[in-house]
4 protein chains.
Amino acid sequence: MQASHSSDKQDAAVSRTFTESARRAQIVAAAIEVIAEVGYGKASFARIARHAGLSSTGMISYHFAGKDDLMREVVAEVLRVAEAYMRPRIEAHSDFPGRLRTHIESNLALLVEYPKHLPALVEVLSNIRGESAGMSEFVGATEEMNRVLAERLREGQRAGAFREFDAEVMVHAMRGAIDEVVGRAAREPDLDVTACGRELAEIFDRATRKTAM
Amino acid sequence: MQASHSSDKQDAAVSRTFTESARRAQIVAAAIEVIAEVGYGKASFARIARHAGLSSTGMISYHFAGKDDLMREVVAEVLRVAEAYMRPRIEAHSDFPGRLRTHIESNLALLVEYPKHLPALVEVLSNIRGESAGMSEFVGATEEMNRVLAERLREGQRAGAFREFDAEVMVHAMRGAIDEVVGRAAREPDLDVTACGRELAEIFDRATRKTAM
Amino acid sequence: MQASHSSDKQDAAVSRTFTESARRAQIVAAAIEVIAEVGYGKASFARIARHAGLSSTGMISYHFAGKDDLMREVVAEVLRVAEAYMRPRIEAHSDFPGRLRTHIESNLALLVEYPKHLPALVEVLSNIRGESAGMSEFVGATEEMNRVLAERLREGQRAGAFREFDAEVMVHAMRGAIDEVVGRAAREPDLDVTACGRELAEIFDRATRKTAM
Amino acid sequence: MQASHSSDKQDAAVSRTFTESARRAQIVAAAIEVIAEVGYGKASFARIARHAGLSSTGMISYHFAGKDDLMREVVAEVLRVAEAYMRPRIEAHSDFPGRLRTHIESNLALLVEYPKHLPALVEVLSNIRGESAGMSEFVGATEEMNRVLAERLREGQRAGAFREFDAEVMVHAMRGAIDEVVGRAAREPDLDVTACGRELAEIFDRATRKTAM
DNA sequence: TATGAATGAGAGTTCATTCAT
DNA sequence: AATGAATGAACTCTCATTCAT
């Protein structure tokens, strides 16, 4: 009873934190495209607003606490899409090597399906420094993903599916190799991304495989 | 003695490109450090000038034709250092797998020795788009390096030292994996870069190795 | 509602060119005064902003696509005023010599009425070279005016109202003579511009008149 | 005796005021060309130095007290050349109308002969305001010339060679008409300047001629 | 919710001029 | 007499953000 007369304003603000308004989603979508196309450095509010069909940058500032906030949402959105796309494909396999290959291949299949999402993610993450508060949060999000992946590799090692190696380094090697394809795809539109995926999968399959005796 | 009545536009700075005054070198060095520390996006002339102990940004414009020119020099300097460092180490080996391992390990040893150079290189190259004329020149320089490396891998394949794989993709996978370590090293000062080098070398040795029969 | 996903470059300022916000008009007015007072070379955004009571030069950049855009608007505004002032006065006459005299006299009457407009016009046009794209457009506008005027002179010749002469040269002679008065008026505030107008009218009346036989 | 041990430095400075060093002449020549080609606004020391084959702008500052000083010398040089070219041609005539015609035609013949001099003069004079001390001096120089020319016209009037008119206005009308041709010639390289001269001469002959009775 | 004008800081660049050599 | 590095101010322009409506 007592709490029920909290102002509408407050409610709206709170709910917005969780429920993305349509405008927010639209702006995030525009941001992803602009970042992918012109790079983080030139992805100004002005450009994003124009791309989204908005008449002013004030609109963006109104819906987001600041540039950090928008970028966090961009990263979150891409991770959400990536998770939804990759997880079922990976989990369709039960063997460790199969999951590893699928991780790589579905990651690059995602690049084919959503050509702007991963480039935007790479742009943002590689241009963000631990400068402002809210930033580290979603840098951590990807580090968390890497840690989870490393843990899976270690499970595979314990299960005898993989040889001994530094899982941390292996994960980052995969990360780097995949991101490089993402970058190349932007510069070379004719690049056969799917073929790159198969090659990378082969590379890391061999890199993790137990040596034949 | 005769006045150069034509071609006013092309500047006398051309010859200066080769003379390399001490100031230019100092500014390039400051630029490398600033870029490595705060990233390409925040590496403004003001910051670089301050870091170099210069009183104004005009000083940089005086010595360089523009930001492009400075960045080109940054890239050239890093490539020069990298070449001088890595080439003799690689050429100390005569076998293909040894050269491959050494390529990776000396690359990361370079990162230990000159902790700012490679981060600066990665920052610049990943933030440059084919925008302003003279840029593509040194984007092409690194592509050339990749092409050369790929050719070496193909030689190894023809010599029977490596299995069959797409040399292009392999090179970029290495590139990406190494650059990822470069990026990590900036964020995690305690990272054992040398160990990462050994691991990566192992990874790509196995990835390229002929399958035991 | 649909976002304009293409043509990011072309700005929304296009429509603003016609809407003519009050601010734009105010800035143009300030620009005209500043240019007339200190000359094109010293008419910086800073000076214009100060004159217009604006807090920053960014304000001008906000309302105009660039210095070119502002200058184009300055020229357009002056031409608009000149047209509105001179045309009815000229068309009040039906004879060719009368129109010629009125062209000159109303042009200088305009200088008396709006003492900054013509000086600003002359400053801008004489300091613009075919440099930056959109400029040539309104340089052409004045050339068009000269061409129209020359055509009228030729009509007069065909109608037997004028002697034979090179209409092109005559028009430019008038142009130059009038602009010279505009320049003098700026340097000599006590100059009797109206009297100058009468004298110029007499000069060009005699210069175009058929020789008495 | 007492005065004879004034320092060499002082002497050199004094003599330089009157005796133009070769360097000064070279710089003035370069300045004239640059101003004519790119306009006063873009005729920076840097551009002039480059055009003159000098390695730095310091050279110009060394030889001239400042930009004003250089510009004054530019004006003086052009006036010197103009005087030497036009005076004998004008004085070859003894009748007032002939001198008037020749004044105009030789002025434009000068433009054909020295295509950069008059454009430079017009550029400088129309972009100089009564700002800094030494400037008004040579603005006055041309005003003096106009005054002299006006006086000649009045002589002609007293001698019955010309009709009654405001000599001041007439002189400036000629000035303006001629300068307009100078300006046009820069924009329209194919313009027949000599023909323009003949037309202008005719125009002002008729404008000053006594009405046939 | 939404708008778009306003702000002020900071960007790269050019400028005329100074000064030690 | 000449050099060219250095200076500091000014330039146009872009940026993220704020605010009154």
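**Note on the protein–DNA model**

1. In this predicted model, the surface near DNA strand F draws at least two residues from each of several helices: α4 (58–63) of chain A, α4 (58–63) of chain B, α3 (45–52) and α4 (58–63) of chain C, and α4 (58–63) of chain D. Among these contributors, α4(D) gives the most, with 4 residues.

2. The residues around DNA strand F number 28, and those that come nearest are A:F45, B:Y62, C:F45, D:S55 and D:S56. By class, the surface near DNA strand F divides into 7 nonpolar, 17 polar and 4 charged residues. On the DNA side, sugar or phosphate accounts for 64% of the atoms of strand F within 4 Å of the protein, and bases account for the rest.

3. Individual polar contacts to DNA strand F involve both backbone and base. A polar backbone atom of A:F45, one of the nearest residues, is 2.7 Å from a phosphate oxygen of the strand. The side chain of A:K67 places an N or O atom 2.8 Å from a phosphate oxygen of DNA strand F. A base nitrogen of DNA strand F, by contrast, is the partner of B:S56, with 3.5 Å to an N or O atom of the side chain.

4. For DNA strand E, at least two residues each come from α4 of chain A, α3 (45–52) and α4 of chain B, α4 of chain C and α4 of chain D. Here α4(A) supplies the largest share of the nearby surface, 4 residues.

5. DNA strand E is surrounded by 29 residues, the closest being A:S55, A:S56, B:F45, C:Y62 and D:F45. The surface near this strand comprises 7 nonpolar, 17 polar and 5 charged residues. Of the atoms of DNA strand E within 4 Å of the protein, 65% are sugar or phosphate atoms and the rest belong to bases.

6. Which atom of DNA strand E lies 2.8 Å from a polar side-chain atom of C:Y62? The partner is a phosphate oxygen. A phosphate oxygen of DNA strand E also lies 2.9 Å from a backbone N or O atom of B:K67. The side chain of B:T57 addresses a base instead: one of its N or O atoms is 3.3 Å from a base oxygen of DNA strand E.

7. Chain A superposes on chain B with an RMSD of 0.2 Å after a rotation of 179° and a shift of 0.1 Å along the axis. The two copies are therefore related as by a two-fold rotation axis. Within chain A, the residue closest to this axis is A:G176, with its C-alpha at 2.2 Å. Both copies use the same surface, since 100% of the contact residues of chain A recur in chain B.

8. Over all chains, the structure holds 13 aromatic pairs. One of them joins C:Y85 and C:Y114 edge-to-face, at 6.5 Å centre to centre and 90° between the planes. C:Y85 belongs to helix α5 (residues 67–91) of chain C and C:Y114 to the loop between α6 (96–113) and α7 (117–127), so the pair ties together parts that are 29 residues apart in sequence. C:Y85 counts as buried because its relative accessibility is 12%, whereas C:Y114 is partly exposed at 34%.

9. C:F162 and C:F165 form a tilted pair, with 6.3 Å between centres and 50° between planes. Both rings belong to buried residues: C:F162 has 3% relative accessibility, and C:F165 has 8%. In chain A, A:F96, A:F162 and A:F165 make up one aromatic cluster.

How values were computed
Residues are numbered from 1 along each chain as its sequence is written. Chains are lettered from A and ligands numbered from 1 in the order in which they are written. This is a predicted model: local features need pLDDT of at least 70, side-chain atom pairs count only at pLDDT 80 or more; totals for chains, interfaces and linings use all residues. Side-chain values use heavy atoms; hydrogens and water are left out. A residue is near a molecule or strand if one of its heavy atoms lies within 4 Å of it. A polar contact is a pair of N or O atoms within 3.5 Å; within protein, one must be able to donate a hydrogen and the other to accept it, and residues adjacent in sequence count only if both atoms are side-chain atoms. Ala, Val, Leu, Ile, Met, Phe, Trp, Tyr, Cys and Pro count as nonpolar, Asp, Glu, Lys and Arg as charged, and the others, Gly among them, as polar. Copies are superposed by least squares on the C-alpha atoms of residues with pLDDT of at least 70 in both. Contact means heavy atoms within 4.5 Å. Rings of Phe, Tyr and Trp (its six-membered ring) pair if their centres lie within 6.5 Å; planes under 30 degrees apart count as stacked, over 60 as edge-to-face and the rest as tilted. Buried means under 20% relative accessible area, exposed over 50%, partly exposed in between (1.4 Å probe, protein chains only).
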